Amino acid sequence: MSDIRLRFAPSPTGYLHVGGARTALFNWLLAHKLGGTFILRIEDTDVARSTEESVNAILEGMQWLGLEWDEGPFFQSDLFPVYREYVQKLLEEGKAYRCYCTAEELEKKRELAMAQGGKPKYDGTCRDLSEEIPGKPYVIRFRAPAVGVTAFDDLVKGQISFNNEELDDLIIQRSDGTPIYNFTVVIDDATMKVSTVIRGDDHLSNTPRQILLYEALGFPVPRFAHVPMILGSDKARLSKRHGATSVMAYRDMGYLPEAMINYLVRLGWSHGDDEIFSREELVDKFTLEGIGKSAGVFNPDKLLWLNAHYIKNGDPARLAQLLLPFLRERGVEPAANAPDLDGVIITLQERARTMLELADGALFYYQSEVVYDEQAAAKQLTAAQLPNLVSFAKQLATGGDMTPAGIEILFKEFCVTQGIKMGQIGPSVRVALCGVTTSPAIYDVIAVLGKDETIRRLERAIDFITARA
RNA sequence: GGUCCCAUCGUCUAGCGGUUAGGACACUGGCCUUUCACGUCGGUAACAGGGGUUCAAGUCCCCUUGGGAUCACCA
């Protein structure tokens, strides 16, 4: 194990969304590629907004995607004493100070500054206070350098620099004594020996403040890699109004985790013209250099295409397991004697793009009383088809080879002896068996259904036609 | 508004000074086919604009424009 240490540090204020998932994925991939350690840390210093449900939702999302972590989950709420210790250290060294300004005062000053076209930064009122004010609530602020430049070489964006005068004295501890994100993230990344911080673009402007903090605390500064944002179709930051943003929502909509992983990794990262990557190939090929600099639009169509690809090429037995909940939702419990689910799935794989479509497509196999689509029945289950269906059922009863190939031969021979074309028997058999005019290849359907069930369904259709006539 | 970041087909992207600017999704035409699909062959479609540097610029520099991020006792 190398000393490469990566982390994903979500705040538990909601589910795992696709942007967070991609950040987690990049961290996971790099950790696995370099033989490093992947840490999961829950940033729950904001007690008011953090919830246990969110924690669970995030863990569930990570697990579904197969992004297992090597260390953690650590909770920042468990580490408050550690943060206090470092705040104290800064205070003693004069690198932090008590600020007695109230939130209301600060808010007023900000508004005033904005109204006058100025910068809404802290004016330093308490920066040089010599005395403590007993009994008055205070926050702790970091004493940032007023001049100079803070620069860093971002692994994605390249050289970035900020003038320190743009940065103000950020609060590191609230008046209730709890620490604030920009401080805890530095303490944790330093004490957890994180070597590279891969995170969203939205943290870019926090980085110089954090670097200043690392330096004040005497910690080595990690490497940073800021990955671009994910946008919606209108190029605005991806949000619910663009559609589902929760990773688990995609599972529920019938998406496979490998499709989601493959889609996410290609949104912002590339390896030449390659599009399809197995988990192993990703670990092998992933590099930070492959990450692009610009924000990308989330494209549901491409995700759908990838999902279709993975369903088409997936192992039927595994798909069967994943399909079970979707079938149960539809009132189907594939029993041992019902059509073999693996076989059912094989006939459906290349025409289902989601597990939802797969489940819907599998339904007719398990309905003993197929519901005939009205238009399909009107066209294909008529008195004109009756003789052919009757003879075909008879013919089938004598048939031996019930493989798709054998059934195809049986059909062909039937057509020859009857002097008809495939189009005169195929469609009505299809409706008799499936109830609709679109279905898997009819030979495959018969093979899966088996001779007895096929004949039963044919006879039912014959009865249906007779009853109608 | 200040600061920071970004800019190749509608979308994701390849390109790392000399290419007929390539691939993928989507769209679309043909083929395959008993249905629907799959597959396969083809097509439409991009270097935001303007200045430089260079024998040569999508590739390097500057400006403009456009987009995004961020400016909390949130993370």
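Which residues are the closest to RNA strand B? In this predicted model, they are Thr45, Arg174, Asp273, Arg351 and Tyr443, out of 59 residues that surround the strand. By class, that surface is made up of 22 charged, 19 nonpolar and 18 polar residues. On the RNA side, sugar or phosphate accounts for 69% of the strand B atoms within 4 Å of the protein, and bases supply the rest.

Here are some of the polar contacts between protein and RNA.

| Residue | Protein atom | Atom of RNA strand B | Distance |
|---|---|---|---|
| Asp46 | side-chain N or O | sugar or linking oxygen | 2.7 Å |
| Ala103 | backbone N or O | base nitrogen | 3.5 Å |
| Arg110 | polar side-chain atom | phosphate oxygen | 3.4 Å |

Several elements give two or more residues to the surface near the RNA: helix 4 (103-115), helix 5 (181-191), helix 10 (300-312) and helix 18 (442-449), along with strand 7 (158-163) and strand 12 (296-297). Helix 10 provides the largest share, with four residues.

Now for the overall layout. The domain assignment splits chain A into domain 1 (5-69 + 230-303), domain 2 (78-227), domain 3 (315-366) and domain 4 (374-468). The centres of domain 3 and domain 4, taken over C-alpha atoms, sit 23 Å apart. Across that boundary, nine residues of domain 3 touch ten residues of domain 4.

Helix 16 is worth a closer look. It runs over residues 404-418, and its 15 residues span 21 Å from first to last C-alpha, close to the 21 Å expected at 1.5 Å a residue. Its buried residues are Gly406, Ile407, Leu410, Phe411, Phe414 and Cys415. An α-helix has 3.6 residues a turn, so residues three or four places apart point the same way. What do the buried residues of helix 16 pack against? Their partners are helix 15 (386-398), helix 17 (426-434) and helix 18. Right after helix 16 comes Gly419, with a positive phi near 70°.

A few backbone oddities round things off. Most residues other than glycine have a negative phi, and most peptide bonds are trans. Gly72 and Pro73, however, are joined by a cis peptide bond, with omega at about 0°, and Pro73 belongs to strand 3 (residues 71-75). Lys193 has a positive phi near 55° and lies in the loop between helix 5 and strand 9 (196-200). Lys193 is exposed, at 61% relative accessible area. Lys235 also has a positive phi, near 70°, and is in the loop between strand 11 (230-231) and helix 7 (247-252). Lys235 counts as exposed, with 61% relative accessibility.

Conventions
Residues are numbered from 1 along each chain as its sequence is written. Chains are lettered from A and ligands numbered from 1 in the order in which they are written. This is a predicted model: local features need pLDDT of at least 70, side-chain atom pairs count only at pLDDT 80 or more; totals for chains, interfaces and linings use all residues. Side-chain values use heavy atoms; hydrogens and water are left out. A residue is near a molecule or strand if one of its heavy atoms lies within 4 Å of it. A polar contact is a pair of N or O atoms within 3.5 Å; within protein, one must be able to donate a hydrogen and the other to accept it, and residues adjacent in sequence count only if both atoms are side-chain atoms. Ala, Val, Leu, Ile, Met, Phe, Trp, Tyr, Cys and Pro count as nonpolar, Asp, Glu, Lys and Arg as charged, and the others, Gly among them, as polar. The expected span of a helix is 1.5 Å times one less than its number of residues. Buried means under 20% relative accessible area, exposed over 50%, partly exposed in between (1.4 Å probe, protein chains only). Contact means heavy atoms within 4.5 Å. Domain bounds come from an automatic or database domain assignment.
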